[in-house]
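The following report describes the packing of selected helices and nonpolar cores in the structure shown here.

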Amino acid sequence: MSSVRVRLPPSPTGYCHVGTARMAILNYLFAKKNDGAIIFRSEDTDKERSRVEFEEDIIEQLHWLGLSWDEFHRQSERTAAYRAAIEKLIAEGKAYSSDEESKKDPGTRVAVIRLKNPGTKVTFRDLIRGDITFDTAELKDFAIARSADDPLYHLAVVVDDADMGITHVIRGEDHISNTPRQILIQEALGVSRPAYAHYPLHLSPERAKLSKRTGDVAVRDYRSKGYLAPALLNYLAVLGWTPPSQRELISLQEMVEEFDLKDLHKSGAIFDIEKLNWFNREYLRAMPRAGFIAYYMPTLRAGLESRGIACDPPIAERIASLLSQSIHSTDQLASLVESGEYDFFFADPKLDASKIPERKSSANEAENHLRYAIGALDGVDFESETAIKDALWDYASEHGRGAVLWPLRYALTGKERSPDPFVVASIIGKDSTLRRIDAALRALPV
RNA sequence: GGCCCUAUCGUCUAGUGGUUAGGACAGCAGCUUUUCAAGCUGUUAACUCGGGUUCGAUUCCCGAUAGGGUCACCA
C-alpha cells in the first residue's frame with residue numbers, strides 16, 4: 001500500500017505552457033508508478049491575472065496529452081482554510097499585520113501580513129539534487145497575505161499541501177529558492193514537510209527561459225500546428241529524463257513502468273524543435289492510413305482552395321503515402337501547399353516548352369518519347385504504379401532513362417523536382433496523364 | 001550584485017578511477033535514383049579551465065569560469 005500524493009498546481013494566468021505540461025507529466029509518471037493519487041489544484045489566488053478561460057485551457061490540454069487526476073481543487077474556494085491558518089499564526093504571535101507604503105502604488109498605504117521570520121538556517125533534502133541549505137535570515141519577514149481573506153502564494157501552497165496530504169512536491173528548479181520560505185511557514189504552522197524534487201527547466205535555443213519571443217510556449221499552439229499528443233508528450237518527457245531502457249520512443253504506459261525520480265537530469269535542456277519534428281514524424285508514420293488522411297485533409301484542402309484549386313478527394317487520399325514520408329506537421333504541410341508544391345496533383349501544370357526535353361537531349365527526342373509513352377500506356381492499369389513502370393521501363397532503359405523519363409515527369413508535374421512519373425501518373429489517373437502528355441506534345445517546338 | 005543550482009559532440013544524452021568515451025536529432029558523404037525527397041550504409045564532432053587526491057582522472061575534492069534560477073503587496 002502506498003500513500004503517495006502529488007499535486008499539479010498550475011496558475012491559470014495564461015494558456016497551458018509546455019512547462020506546465022512537463023510538470024504535469026513528471027508528477028503523473030511518479031504518482032502512477034507508485035500507485036499514488038494526483039491532486040489538480042488551480043492556484044488562482046491572483047484575482048487580477050487569473051482567468052477561467054486559462055484554467056479551462058490547462059485542463060483541456062493536459063487531458064489531450066492523456067493525463068488525468070483524482071481530485072480537483074481551486075484555491076479561490078478555500079479561503080476559509082487560509083483564514084484559519086493566518087489567524088492562528090497571528091494569534092500565536094508568529095505573524096503580524098503591518099500597515100506599509102504600497103510598492104505598486106507609492107504614496108498610498110496598504111495592509112500586509114508578514115511572517116515573523118526566526119532567521120534560522122534551513123536544510124532540505126532534494127530527491128534529485130541532495131541536501132540544499134539556505135540561510136533564511138536574508139528573507140526577512142516576508143509577506144504571506146494581504147489580509148486574512150487574501151492569502152499570497154506561499155501561505156496558500158503550504159496550507160493546501162498539508163490539507164491535501166501531499167507527500168511529494170515535484171516542480172521546476174525555479175522553485176528551489178521558494179522552498180525555504182514554505183518550510184518556514186510549515187514550521188510555524190506545525191505541519192509536516194513533504195519530500196521535494198526539483199527538476200531543471202528547459203531552455204530556449206539561446207539558453208534562456210522559454211518565452212514567446214523564441215517560439216511557441218503554449219501547448220495549444222503545438223496542437224494547432226499538427227503535433228500529435230503522444231509525440232509532444234514523449235518529447236517533453238524524455239527532455240530531462242532518460243528511462244533505464246534508454247528508449248527514446250516510448251508510450252505513456254511504458255514511461256510509467258520505467259519512471260524513477262533518480263533518472264531525472266540535473267541540468268537544463270534546450271527545447272529543440274527539430275527533434276520534436278522527428279518525434280512527430282515517427283508518430284505520424286505509425287498512424288493508420290485513414291487516420292493520417294483525416295489528419296492532413298483539412299490543411300491540404302484549405303491550402304489548395306486558397307490557391308484557387310479544387311481539392312479532389314480521391315486524389316487527396318491517394319497522396320497519403322507520399323505525404324507520410326515527407327511531412328512532420330500540418331504546419332509544414334500548409335507552407336508546402338502554399339508554395340504550390342502539390343498543385344500539379346490537382347490541376348494541369350503550366351509548361352515551359354524549353355524544359356520539356358531533358359538537358360542532354362533534343363525536343364525531337366522528347367517528342368518521340370512522349371508519343372511512345374502515350375501508346376505504351378494504353379491498356380495499362382493505372383491503379384498500379386508498377387504496371388505503369390513496367391510499361392515504360394525497358395523502353396526507357398534502352399533510350400536513356402533521363403531522356404525518356406524527364407520529359408514525361410515534367411509533362412505531368414511542370415516541376416523540376418517532384419516524385420517520380422510512375423507515382424504521379426498513378427495518382428492523377430489515366431485521363432489526366434494522357435491529357436498532360438498531349439499538352440506537352442503540343443507545347444513542344446516542332 | 002547576494003543566495004541557490006548546474007557543467008560530456010552544434011543539440012538531447014549514456015557511461016567509467018584505466019573505455020577505440022556509446023546512442024539519438026541535426027550535418028556531411030556514398031548507394032539508390034530521370035529530378036527532389038524518403039530509405040539504406042558510412043562518417044565529422046564532446047568530457048570548460050586550474051589545482052589537488054591517486055600508479056592513473058572525463059569520473060572524487062577544492063577553486064575559477066560560464067550558464068541558469070531566485071531575490072514581489074505574482075505564482
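## Helix packing and nonpolar cores

In this predicted model, the crossing of α15 and α16 is right-handed. The axes of helix α15 (residues 363-377) and helix α16 (residues 385-399) cross at roughly 155 degrees and come within 9 Å of each other. Because angles over 145 degrees count as roughly antiparallel, α15 is described as roughly antiparallel to α16. The residues through which the two helices meet are set out below.

| Helix | Residue range | Residues in the contact |
|---|---|---|
| α15 | residues 363-377 | H369, Y372, A373, A376 and L377 |
| α16 | residues 385-399 | A391, L392, Y395 and H399 |

By class, this contact of α15 with α16 comprises 7 nonpolar and 2 polar residues, with no charged residues.

Turning to the interior, the largest nonpolar core has 46 residues, of which A21, A24, I25, I38, L232 and L236 touch the most other members. Helix α1 (residues 18-33) gives the most to this core, contributing 10 residues. When residues up to four places away in sequence are not counted, L236 touches V18, A21, R22 and I25. Apart from this core lies another, of 33 residues, which includes Y296, F345, A411 and A440.

A residue of another kind is D431, which is found in helix α18 (residues 421-443). D431 counts as exposed because it has 9 C-beta neighbours inside 10 Å, and the cut-off for that class is 12 or fewer. The C-alpha atoms of D431 and F382 are separated by 9.8 Å, although these two residues are 49 residues apart along the chain.

Conventions
Residues are numbered from 1 along each chain as its sequence is written. Chains are lettered from A and ligands numbered from 1 in the order in which they are written. This is a predicted model: local features need pLDDT of at least 70, side-chain atom pairs count only at pLDDT 80 or more; totals for chains, interfaces and linings use all residues. A nonpolar core is a set of buried Ala, Val, Leu, Ile, Met, Phe, Trp, Tyr and Cys residues joined through C-beta atoms within 7 Å. A residue is buried if 20 or more other C-beta atoms lie within 10 Å of its own, exposed if 12 or fewer, and partly exposed in between; C-beta atoms are placed from the backbone. Helices (H or I, at least four residues) and strands (E, at least two) are DSSP runs, numbered from the N terminus. Two residues are in contact if their C-beta atoms, placed from the backbone, lie within 7 Å. Axes are lines fitted to C-alpha atoms, for helices over the stretch in contact, and angles run from 0 to 180 degrees between N-to-C directions. Angles under 35 degrees count as roughly parallel, over 145 as roughly antiparallel, 65 to 115 as roughly perpendicular and the rest as oblique. A crossing is left-handed if the near helix is turned anticlockwise from the far one by less than a right angle, and right-handed if clockwise. Ala, Val, Leu, Ile, Met, Phe, Trp, Tyr, Cys and Pro count as nonpolar, Asp, Glu, Lys and Arg as charged, and the others, Gly among them, as polar.
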